[in-house]
Amino acid sequence: MPEVEYATTMPLGRPVIWEFVKDMNNWAPFVTGYQKHEIIDDTDSIWTLKGDVGILSREVKLRAHITEWVDEQRVTFTLTGLNEKVDGGGVLVMSDEASAAMGEAEAPAPPPKKKRRWFGRRLVDWFVRKMFRRVHGEGPKRLAAPTTATARSRLSFTLRMDAGGPTGPLVNAMLGPALEPAAEDLANKIAAHLERVHLGTDAQAA
Amino acid sequence: MFHSRRMWFRKSRAWSLEVDLVVIGSGAAGATAALAAHAGKARVAVLEKSAKFGGTTAVSGGVVWVPNNKHMPEVGIPDSMDEAVSYVTRLADGRSDPALIRRYLEVAPQMIEFIEGATPIVFKALARYPDYHPEFPGGKPGGRSLDPGLYDTNQLGAWKDKLRKSPVFGMTAMSVTEATDWGVFSKPSALPFALLGKRFKQGLVCYGGALCGGLLEALLARGIEPMLSTPVHELIVEDDRVAGVRAEQGGKELLIKARKGVVLASGGFEWNAELAARFLGGPLTHPNSPPGNDGDGLRMAMSLGADLGNMTEAWWCPSLDIPGEEYDQRQLHRGDFATRSLPHSVIVNRQGQRFVNEAHNYNDMMKAFFAFDPVSYDRPNLPAWIVIDAQYLERYALLTYVPGMPIPDWLIKADTVEALAEKIGVDARGLVATLARFNRFAVEGADPDFRRGESLYDHFYGDPSRVEHGGNPNLGTIEKAPFYAIQVHPGAIGTKGGPRTDGDARVLRPGGEPIAGLYAAGNVAAGVTGAGYPGAGATIGAAMTFGYLAGRHAAAAPATK
């Protein structure tokens, strides 16, 4: 089952991040390929995404169901394909990071180190990321944060998708490399938005 | 006698680049022309309008139709020039020069020898892929269509991601031979999807991607780097001959001198609604090719006074849409080859009536969609619908659907035939009567109305397991609810009308004399097969043959100063 994790840090406290993240209407447009979403109730929503499956672009409808909701800490959810045989889920986790030294310009921290992949796989990932950027545009450029920050938070996003049915092995081969840039994109767009709003950094000026 | 702008070029020309031959377009016609010219010691530039190499060929099946090819003996199928000429002449229906037909059939086998010598491609004769009218005199049960096999795109190095990928075949790397053996349409659940996933990860491609990959590798090996994203806007004429082109790259104008000539290999005009409406014999609304095929080559040839031929014709293909599916930022129109040929499916018009052998070859069956009623002054067979039942979806593939997957929401569904008819705006009584009659034929195993399932060609896209049980591989009842429908649209793989050419692919004036320095090959030119579609790969076979002739002739032509 293809699964990816991406994490970023922000010079903002968890309450600020949570205030934004808890309402999916705030960040829904940041989801890769977002077309629309419909909130059914407190736990369920239906999403329409336009995803690049290999070479062409296709609409996928997914039902998202929230299975765990811990204020200012985590949201866990499952995903069920409505028009494709695909299932998955993920978790959005917020945690505190040690405050950085005052007066030191801060760039977004890199994600946690992962086991180094086989060269061929990295080459495929590089290619997919390049194609992804070509189709969806460059991700948000984040500036060094101002020096007034006192709190740091880490936002991590784990996403897994598994295509089922007879074509599953083929679809998973295509989905796998596309997930990582999607997770990275969402986390970075949320971070860039919050930094712009709360710290006055202007991603557009980058 | 020249346009003032051309005169301006002549007086103040400052060539950005000078070569012997400029090839406009990077499909099989253009690539073959470039390789043939290079083999004749010519310096070649290949200009491609889009950001990807391969043109229409790259999204196609990649099969090359060549009678008397060197691989036919390997599969034990004999052939002869007389048979091939007789067969193609009948299908051309008087719309092609007999001398040109003969020239094509004589040279095509040489072209295959050349390509196999100049590229890594080794073709395999498809013994079970029949000609599209195999029962006609000179028709064959197989062997004339050649499969390029699989291609490893890693061989292209940095050019790997510049090879155009087919939106339909680009993700399932299986050769045509394998697709046939595995029953890609009739036994889709049994396909080795794990193997296909592995091949996808490895960078293997098939069909048109494989053919274009091999051609591109050969070009790169010769130092010919195609100039992508470089549209050509105008042919430059000097001293009454085509002497170069005015192109554009990155917003800058490029004037490229062509000392020996220019080959138009830029594809058809199927995406140009205005040209399609002006020339074609039917309303082409859903082309299957890349959207860049907008008739720029045709316009350039017309601007120099080229004679035109076969302008009403296209490589017609019924097309189906999955809403929201896009390729090159346009709605993708998928050609339908099997849905209409498999049991438990039928095509009806708005009266709910059948009007054609649904399983017949895509080019010729499409023409029945354009039937014109002079009294009502309309086309009664448009719009048309494919109607299937639950039995179909239990067994067979339909576009992206494979049994075991959720029923697609792009299929219109109803629990009764009458309700389905109402949903799609078809006469309900007509549809009920049609299905009752069709079901009787299905049980009897014969279709006296339209002869579906009589031809070996029909069988190729049918369900062979039916034959094993003594049935008709193309017929099955439509009686098990729910019932489903999808609209079938007039589409085409490409147009095949354009400038007339001679036996060396030189573009001709109305008087029959060539326009010096101008060649045309592929869908931009008047198709040598006229109205017909002789067999799988007849598009590419003719395109490569006339590309080969153009490149060879141009290389041997005297260079202008």
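**Contacts and cores in a two-chain model**

Biologist: How many residues of chain B are in contact with chain A?
Modeller: This is a predicted model. Contact here means C-beta atoms within 7 Å. On the chain A side, 22 residues take part, and on the chain B side the number is 24.

Biologist: Which element of chain B gives the largest share of the side that touches chain A?
Modeller: Helix 7 (193-202) and strand 13 (314-327) of chain B each supply at least two residues of that side. By class, the side has twelve nonpolar, six polar and six charged residues. The largest share is six residues, and it comes from helix 7 of chain B.

Biologist: How many residues of domain 2 of chain B are in contact with domain 1 of chain B?
Modeller: Chain B is divided into domain 1 (4-265 + 496-556) and domain 2 (317-492). Their centres, taken over C-alpha atoms, are 32 Å apart. Domain 1 of chain B brings 13 residues to the contact, and domain 2 of chain B brings 21.

Biologist: Which helix gives the most residues to the largest nonpolar core?
Modeller: The largest nonpolar core has 197 residues, and Val22(B), Val23(B), Val263(B) and Ala521(B) have the most contacts inside it. With 15 residues, the top contributor is helix 4 (residues 168-199) of chain A.

Biologist: How many residues are in the second, separate core?
Modeller: Nonpolar side chains tend to be buried together in soluble globular proteins. The second core includes Val60(A), Leu62(A), Ala64(A) and Phe77(A). Its residues number five.

How values were computed:
Residues are numbered from 1 along each chain as its sequence is written. Chains are lettered from A and ligands numbered from 1 in the order in which they are written. This is a predicted model: local features need pLDDT of at least 70, side-chain atom pairs count only at pLDDT 80 or more; totals for chains, interfaces and linings use all residues. A nonpolar core is a set of buried Ala, Val, Leu, Ile, Met, Phe, Trp, Tyr and Cys residues joined through C-beta atoms within 7 Å. A residue is buried if 20 or more other C-beta atoms lie within 10 Å of its own, exposed if 12 or fewer, and partly exposed in between; C-beta atoms are placed from the backbone. Helices (H or I, at least four residues) and strands (E, at least two) are DSSP runs, numbered from the N terminus. Domain bounds come from an automatic or database domain assignment. Two residues are in contact if their C-beta atoms, placed from the backbone, lie within 7 Å. Ala, Val, Leu, Ile, Met, Phe, Trp, Tyr, Cys and Pro count as nonpolar, Asp, Glu, Lys and Arg as charged, and the others, Gly among them, as polar.
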